Amino acid sequence: MKLTISLSPHIHSGDSVNRRMWNVVIALIPALVIAVITFGLPALWVILLSVGACLLTEFLIARFLFHEEFTLMNGSALITGILLGFNLPSILPWWMVIIGAVVAIGIGKMSFGGLGCNIWNPALVGRVFLLLSFPAAMTTWPTGIDSPYHQPHTGASMAASASDGNTGATILSYLNADKTDISNYDLLDMAIGHMNGSLGEVGGFAILLGLIYLLATRTISWHIPVSVLASAALFSWVFGGNPVLDILAGGLLLGAVFMATDYVTSPMTHTGQLIFGFMIGFITIIIRRFSAYPEGISFAILLMNSFVPLINRYCRPMMFGARERRKLA
């Protein structure tokens with residue numbers, strides 16, 4: 001009889017990186033449908049541009065710089081492209097979308113060595129780069145179809161590519177200017193996409209459907225999304241805000257469910273994940289209330305991504321058999 005010795009794990013559950021990545025893609029579909037319904041074909045165009053540029057950038061770097069095999073089928077570049085598109089206005093010029101995708105993959109991911117090596121969430125790296133480089137374009141939001149929150153358009157070049165020819169500030173921008181007036185906002189309207197914002201901000205119910213799917217398939221655990229949302233709600237209340245409004249407005253739901261939960265850039269242990277999520281919610285509300293930026297989820301996640309090695313150092317999992325040894329001691 002031939003005895004074959006191989007590296008662990010010796011018992012395999014059938015799970016894989018590819019399977020989990022594609023579960024995330026499936027979970028993003030409801031939010032994508034809502035974005036297209038809300039903003040029309042321009043939203044689909046932004047997503048396709050972002051995904052295509054991300055896939056092409058990763059392929060070219062892997063093929064000609066790393067000399068590695070074709071790895072796009074694991075779904076990671078596809079997810080980065082979708083999430084980057086979800087963080088953009090549907091009227092953003094096409095060349096800015098491509099620049100953001102190249103930065104997200106080239107700088108945010110591949111410069112660190114590729115999948116599993118990056119420090120920060122790649123899609124957020126691309127988003128923040130675009131926000132700092134092109135602040136006017138990144139903060140000009142089209143009004144969604146049937147959105148009650150709109151103002152007449154003031155820029156002809158933007159209007160030509162908008163689905164309905166109107167743009168307006170987001171709800172967070174209005175709250176940033178007048179933090180006490182919340183009576184004009186219908187929370188149900190916000191949850192079903194009747195508000196201004198980026199593609200991924202308008203589908204609150206759709207994002208929650210994606211969260212349910214991710215939890216049911218055990219693609220993620222509840223610790224990060226629940227701690228982010230609970231912390232944001234707590235500090236929204238502490239600072240005199242409306243917790244439900246703060247959760248539904250902006251990209252908090254998208255960030256909590258799909259970006260903070262990134263395997264590579266989040267802590268390994270449940271304790272670390274709770275600390276990580278709590279701080280993201282806290283920092284988000286601090287930025288929303290006391291800074292010039294009406295939204296803070298992107299900066300909060302990137303900042304806490306930087307602290308993940310420190311969190312992992314002090315929140316280590318217990319070694320196998322350590323509890324039993326303590327009982328015997």
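These questions and answers cover the core, a surface patch and an aromatic pair.

This is a predicted model, where local features need pLDDT of at least 70, side-chain atom pairs count only at pLDDT 80 or more, and totals for chains, interfaces and linings use all residues. Residues are numbered from 1 along each chain as its sequence is written, and side-chain values use heavy atoms, without hydrogens and water.

Me: Which helix gives the largest share of the largest nonpolar core?
Reply: A nonpolar core is a set of buried Ala, Val, Leu, Ile, Met, Phe, Trp, Tyr and Cys residues joined through side-chain atoms within 4.5 Å. This one has 80 residues, and Phe258 and Ile280 touch the most other members. The largest share, 9 residues, comes from helix H2 (a DSSP run of H or I, at least four residues, numbered from the N terminus).

Me: Is Leu234 buried or partly exposed?
Reply: Buried means under 20% relative accessible area, exposed over 50%, and partly exposed in between (1.4 Å probe, protein chains only). Leu234 is found in helix H11. Its relative accessible area is 39%, so Leu234 is partly exposed.

Me: Why is the pair of Phe235 and Phe278 edge-to-face?
Reply: Rings of Phe, Tyr and Trp (its six-membered ring) pair if their centres lie within 6.5 Å; planes under 30 degrees apart count as stacked, over 60 as edge-to-face and the rest as tilted. Here the centres are 5.6 Å apart and the planes stand at 70 degrees, so the pair is edge-to-face.

Me: Which residues form one aromatic cluster with Phe235?
Reply: Phe235 lies in helix H11 and Phe278 in helix H14, 43 residues apart. The cluster joins Phe235 with Phe278 and Phe282.

Terms used:
Helix = DSSP H or I, 4+ residues; strand = E, 2+ residues; numbered from the N terminus.
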